[in-house]
Amino acid sequence: MYKPLLFASALVLGAAPARAQTTDPLAPTGRWTLPERKQAQTPPMGWSSWNAFRTEVDEDKVLGAAQKLVDSGLAKLGYVYVNVDDGWWLKRRTTDGRMQIRTRIFPSAAVRGGDTSFRPFTDRLHAMGLKAGIYSDVGRNACSQAYDLHSPNLPEGTTAEREVGLFGHVDQDIALYFREWGFDYIKVDACGINVYAPGSAVVRDNHYTPMPPLIDQASINRTDVPTVRALYEKVAQALERHNPDGDYIFSLCAWGSADVRSWGNRVGHLWRTSGDITPNWTRMLHNFDSASTRALYAKPGAWNDPDMLFIGHGDFDANHLTEARSHFALWAIINAPLLIGYDLRNAPQSLLDIWGNADVVAVNQDRGGHQGVIAYDSNDVQIIVKTLAGGRKAVALFNRGLAPAKVDLTAAHLKFSDTAPIRLRNLWDKSALAPFKREASFTLAPRETLIFEAQGVRRLTDGVYLSEIPGDINVAADGVTTPEPDPMGHRMIGQWSGTRNGGERPIYAGWGGARADATPYDQALQIAGRGFDTGIGILAGSRLEIRNRTGRTRFEALVGVDDSTRNTKDKVRFRVYGDGRLLAESLPLGFGEAAQPLTADLRGSKLIEIVVARDGNISDLPVVATWAEAALR
Ligand code: GLA
């Protein structure tokens, strides 16, 4: 039954009021307002127990994986986080609330005095040069307690003893996991605030404490976004308190719900953009699509997480290396965390070669931190281009379908000059292709992804387009006033419900968010009939912060209301700030007015802000604005 969500908020936060927006989101701040983070400057890499073992994790399996990371050389490539997922816990001790580990599966955790500790385990991992990750839930109960009811590793005891999640114990648990036990990474799930509704069968049958759901995955309107965010922020604050040197990683696992795709980067180092991946091709597409359009939201210290790798299983097993390589190349080029989910003790060389492809890993780990941007899009084929440090690019040609596909890659996709030679190096077979000008054609096998390093003369010889450097841009305000489900993305047959329901509908909020080289509603950029293949598409009521890392001296763009806007009545103004000072402002511009040049002298400015403000409010509809060919030069 539906319970008013306000009731849920009051329950969760006690007297604390929801955070009110006190400042004008369009006012320049003169600074980068995302937390400056020490960890996850490149996407986290490592191994997790979940896709390999579900809850049937144990110490031998984990240490076996850890040993293999070291022995195979994967650790040297960057796979250093060894993460224990759901299943490790026995109970919460009722005398003092201290969490107890299931020593049957983690024997080294049995320490003197009848207590348990992961310190011997994390010491082992650290001695191997690795890092250790643990798992919890932001509510009282975990996912396995609802979805893995036949697991041998469910928490045991009374109702209170089985409340193993962080809820009501944030400070105590985070101190235990990080200060005492020495973990370096935590993934925090959200089942505890999602599936334990009052009166539900799972609560009744298992005598759990009910929790009015804060998340309704099918309805953003019935999801209490501020409270979900506040709960995760509380964990973030505890992590900071107990790791004053910033030496930790916080992984948010709210499956793309609660509009987390828009705010996750302010709270954690990575945030899931979708529901769980399964070892099915079409589910991989679904998860990929949930993150691939969100390039502007990822950057060093903060990454879109389409979920862990499922290479080695099902459609991605050793008999399906084309699919396995695609999965890997796609995760690499969109800067997804690379967390192996396979029993590495028994990994065939063919799979180790995929995870161990140093060139593809280097694309993912490039220090610029620019997520790949979709340069060509269709349901059949996509071309994704990622800016690498040093002026090079990586490009993935992705055949999503079951038929061979002809793919023409153009200089324009790469934002390279079409009169100078372009050189491609195939990162799978290491071959160098004959240099070409303007375009080259490829035939891709079904489900194949070719991934190349590309070199050429940049179209903008003395500068960089903003859409080439998403890692240097923070979407401080994206102008979305009412979160809506994002209809883009592959909708596979539900793995859990099959075709018994009415079908898979869009559920992840974030529609209308800022886009590189597209409008917020996935149209091509166009102002008064003039099309642009590069730029930033965004709603009015937005502010972007841009790091001027290399001391560029000039901002340039052609600005205007995009032809795709539904609001054709209201005008907007475009503004450029440098270190908080107004440098340039457009006249009010409306639908159908030609793109206007807007330039600013950036000399001395370290932080650029670009703002689109509404000039009028005749209609409630959002105004789509385009920063065409926006560049720092
Ligand atoms: C959720 C998460 C998964 C995994 C399981 C554990 O489904 O999304 O990644 O952690 O819980 O039960």
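Author: A polar contact is a pair of N or O atoms within 3.5 Å. The structure above is a predicted model; local features need pLDDT of at least 70, side-chain atom pairs count only at pLDDT 80 or more, and totals for chains, interfaces and linings use all residues. Residues are numbered from 1 along each chain as its sequence is written, and side-chain values use heavy atoms, without hydrogens and water.

Reader: What makes Asp86 a polar contact of the ligand?

Author: A polar side-chain atom of Asp86 lies 2.7 Å from a ligand oxygen. That is within 3.5 Å, so the pair qualifies. For Lys187, a polar side-chain atom is also 2.7 Å from an oxygen atom of the ligand. In Asp189, a side-chain N or O atom is 2.9 Å from a ligand oxygen.

Reader: How much of the ligand's accessible area does the protein cover?

Author: The ligand has 310 Å² of accessible area on its own (Shrake-Rupley method, 1.4 Å probe). The protein covers 95% of that.

Reader: Which residues surround the ligand, and what makes a residue count as near?

Author: A residue is near if one of its heavy atoms lies within 4 Å. The ligand is surrounded by 13 residues. The closest are Asp85, Asp86, Lys187, Asp189 and Asp276. By type, the shell holds 6 nonpolar, 1 polar and 6 charged residues. Asp and Lys count as charged.

Reader: Why are β11 and β15 called edge strands?

Author: Each has a single partner strand, so one side of each is left without a neighbour in the sheet. Pairing takes at least two DSSP bridges between strands. Strands themselves are DSSP runs of E, at least two residues long, numbered from the N terminus. The open sheet runs β11-β12-β13-β17-β15, with antiparallel pairing. β11 spans 373-376 and β15 spans 423-426.

Reader: What makes β15 and β17 a pair?

Author: They are joined by 4 bridges. The cut-off is at least two, so they pair. The two run antiparallel, and β17 covers residues 449-455. Arg425 has Glu453 as its bridge partner in β17.

Reader: What is the strand order of the open sheet that holds β29?

Author: The order is β19-β24-β29-β26-β27, again antiparallel. Its edge strands are β19 (473-478) and β27 (581-585). The twist averages 20 degrees from strand to strand, between axes fitted to C-alpha atoms, on a scale from 0 to 180 degrees.

Reader: What makes β26 and β29 a pair?

Author: The same test applies: at least two bridges are required, and 8 join β26 (571-578) to β29 (607-615), so they pair. Within β29, Val611 is the bridge partner of Arg575.

Terms used. A polar contact is a pair of N or O atoms within 3.5 Å; within protein, one must be able to donate a hydrogen and the other to accept it, and residues adjacent in sequence count only if both atoms are side-chain atoms.
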